[in-house]
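Colleague: I would like to learn how to read features off a model. Please take me through one, step by step.

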There are 2 protein chains.
Amino acid sequence: MDLAEAYALVQPGLTGVEKAFEEIIDGQDGFPEMQKMLRQVLVGGKVVRPTLTLLAGSFYDYDLNALQPMAVSTELMHIATLVHDDAIDSADLRRGRATINSAWGLDLAILTGDFLFARAGEMAARTGVLHVVMLFTQTLAVIARGEVRQALASFRLDQTYEQYIERVAAKTAALFTLATDSGAILSRAPEEAVQILHRYGYNLGIAFQIVDDILDFVGAASEVGKPVGADLAQGTVTLPAQKLLQRYPDNNPLLAIARKENLAENIAKTVEMVRSSGIIDECYELADDFCRLACSELDQLPQKPAKEALIALADYVIKRRK
Amino acid sequence: MDLAEAYALVQPGLTGVEKAFEEIIDGQDGFPEMQKMLRQVLVGGKVVRPTLTLLAGSFYDYDLNALQPMAVSTELMHIATLVHDDAIDSADLRRGRATINSAWGLDLAILTGDFLFARAGEMAARTGVLHVVMLFTQTLAVIARGEVRQALASFRLDQTYEQYIERVAAKTAALFTLATDSGAILSRAPEEAVQILHRYGYNLGIAFQIVDDILDFVGAASEVGKPVGADLAQGTVTLPAQKLLQRYPDNNPLLAIARKENLAENIAKTVEMVRSSGIIDECYELADDFCRLACSELDQLPQKPAKEALIALADYVIKRRK
């Protein structure tokens, strides 16, 4: 099964997500500026997380009336965190479009993010399942806390691989597992299956973020939708940078970046060194390992098309070279 | 009944709120910087909102195991919005203490606010009542949306009294009604009583914010915990300023403020004019009207000490001259 087929499997649900987003925008009728901001961030996402929710919820006895709002909720939470991240990073572009902070200012980015968190929570509540609401709130806490850690560690080079994984787990894998856990729970999956889907979400999330961190070094701005080296500009030391530091502990432009010296020049140098070092391939291999780990237990789930779709999704994560 | 007696009535619940806050701080064991930030905002609040929740929940058959987390939730949501408000306003002080944004930076203020929203949602979910969770998320959306409106209207003088009340309703009364509604619902109050307590919360919230807006003109920085004229510095035109503008539509320092000319000087002039105009008394009278309206239906509730306490709370709102 390829990615298109995987998405096709949950197309009605994904269309439902789009519709729910339109309803949120329409709900701000009479407040055109708010509608404009919401449209800017709600239209045209990649919907990986809702797809995960819908697929993870396809193995057992699911009620689409509960699964559907949760698919909406995971994507809304994702978008809300992006809006706040961009505000924090003073990022100008996201998905090739102006960010709320760049077009409307920081204050409106903070508030629009808050509004989206609220709507995300509302959608989680619409599942009618308190356990899922609890997971939702705990995930948001983990993400925020992880971002606090990242902010406090910025421009610091003394970070271990374990700390990197921990950060990535909080930043990305937590929301992936919310997607898979909630899907599993809402379809009344047995506990063992919930755990298998949880580990799938976790490992896929780690792989996804590793690839994201790779793309910050190899992607062109036009492809990734944001400038190359953006992480380093924020002082975020990701896996490729960590590996470069291990390889060249003494003569390394990262040392100057940590001292915030000639940032633009040293970032360009670091990007160039990472690209020409073989580190990118190493990182892709690691992401590949996590993807294989993610899929390693899926054969224990019922034989449904969703299983092939989850494998196709993991495949895509690795191939996401642009 | 005086205010101290009103608080005494719900003291075990308020102690429970403090304890819950301590647990949230302790939960970040091994992350001292996070604990420091949380302590900065969680310790020493005025707990008006938890008091409201606990009192509103005292008339019927309440389960303290549900009411207690909701009391925590309302105060956490309040604090989270303050953290984001201060970040937006670049405020240095809150309750006489350094704000998160001033002591740790804007990024950490955004993230700490998000973390607190998450914990607030978790506490709402701990009530075990989805209806209350739904009210929680809807209230957060109303507050965020109201703040968006306020931000978009900043430095604009063409605002009506109705728009002011609408803004105040979103900014403050929404959380007051969440407190009273949730208390009422969690104590299985009959629908009519829920509505009476809702209107109490709404009208008290409006009165509370009017007094807050007055204090921005008459309070000394040491008493209010933030500088006088802070609203005007943000371009927020509150009731006293609106009234001044109506009284002196042509020769008024607000016209220069709207053009952002000599802000400090013109703010000082505006504050002085408001103080010497009798407008403050007018505003207090209006707040008084809302307080009386708030209490006007309480006699229909069961004869419990909580009723006298709600009246004492309304009394305090008006007397809060410092």
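Modeller: Start with B:Arg188, which sits in the loop between α9 (161–186) and α10 (191–218) of chain B. Helices here are DSSP runs (H or I, at least four residues; strands are E, at least two), numbered from the N terminus. This is a predicted model: local features need pLDDT of at least 70, side-chain atom pairs count only at pLDDT 80 or more, and totals for chains, interfaces and linings use all residues. Residues are numbered from 1 along each chain as its sequence is written, chains are lettered from A and ligands numbered from 1 in the order in which they are written, and side-chain values use heavy atoms, with hydrogens and water left out.

Colleague: Is B:Arg188 buried or exposed?

Modeller: Use the relative accessible area: buried means under 20%, exposed over 50%, partly exposed in between (1.4 Å probe, protein chains only). B:Arg188 has 55%, so the residue is exposed.

Colleague: Which residues is B:Arg188 in contact with, leaving aside neighbours within four places in sequence?

Modeller: Contact means heavy atoms within 4.5 Å. On that rule B:Arg188 is in contact with B:Tyr60 and B:Asp61, leaving aside its neighbours within four places in sequence. For scale, B:His78 is 110 residues away from B:Arg188 in sequence and 24 Å away in space, C-alpha to C-alpha.

Colleague: Now chain A. What does A:Arg188 form with A:Asp61?

Modeller: A salt bridge, with the closest N and O atoms 3.8 Å apart. The rule asks for a side-chain nitrogen of Lys or Arg within 4 Å of a carboxyl oxygen of Asp or Glu. A:Asp61 lies in the loop between α4 (48–56) and α5 of chain A, and A:Arg188 in the loop between α9 and α10 of chain A, so the pair ties together parts 127 residues apart in sequence. Both ends are exposed: A:Asp61 has a relative accessible area of 52%, and A:Arg188 has 55%.

Colleague: How many salt bridges does the structure hold over all chains?

Modeller: The structure holds 30 over all chains. Take two more. B:Glu282 pairs with B:Arg247, the closest N and O atoms being 2.5 Å apart. This pair links distant parts of the chain: B:Glu282 is in helix α16 (residues 279–295) of chain B and B:Arg247 in helix α13 (residues 239–247), 35 residues apart. B:Glu282 is partly exposed at 32%, and B:Arg247 is partly exposed at 32%. Salt bridges that share partners also join A:Arg119, A:Glu122 and A:Arg126 into one network.

Colleague: And a pair within one helix?

Modeller: An α-helix has 3.6 residues a turn, so residues three or four places apart point the same way. A:Asp288 and A:Arg292 both lie in helix α16 of chain A, four residues apart, about one turn. They form a salt bridge, with the closest N and O atoms 3.3 Å apart. A:Asp288 is partly exposed at 28%, whereas A:Arg292 is exposed at 53%.

Colleague: How do I check the length of α16 in chain A?

Modeller: The expected span is 1.5 Å times one less than the number of residues. For the 17 residues of α16 (279–295) of chain A that gives 24 Å; the end C-alpha atoms are 25 Å apart, which agrees.

Colleague: What covers the buried residues of that helix, α16(A)?

Modeller: The buried residues include A:Ile279, A:Cys283, A:Leu286 and A:Phe290. Their cover includes α9 (161–186), α10 (191–218), α13 (239–247), α15 (263–275) and α17 (305–319) of chain A.

Colleague: Show me one buried polar residue in chain B.

Modeller: B:Asn203 is in helix α10 of chain B. At 8% relative accessibility, B:Asn203 counts as buried. Beyond its neighbours within four places in sequence, B:Asn203 is in contact with B:Phe290, B:Leu293 and B:Ala294.

Colleague: Last topic: the interface. How is its size given?

Modeller: Often as the accessible area lost when the parts come together. Here buried area is the accessible area (1.4 Å probe) that two parts lose on being put together, summed over both. Chain A and chain B bury about 3500 Å², 81% of it on carbon and sulfur atoms. In chain A, A:Phe31, A:Leu111 and A:Leu130 lose the most area to chain B, together 16% of what that side buries.

Colleague: How many salt bridges does the rule find across the interface of chain A and chain B?

Modeller: Zero.
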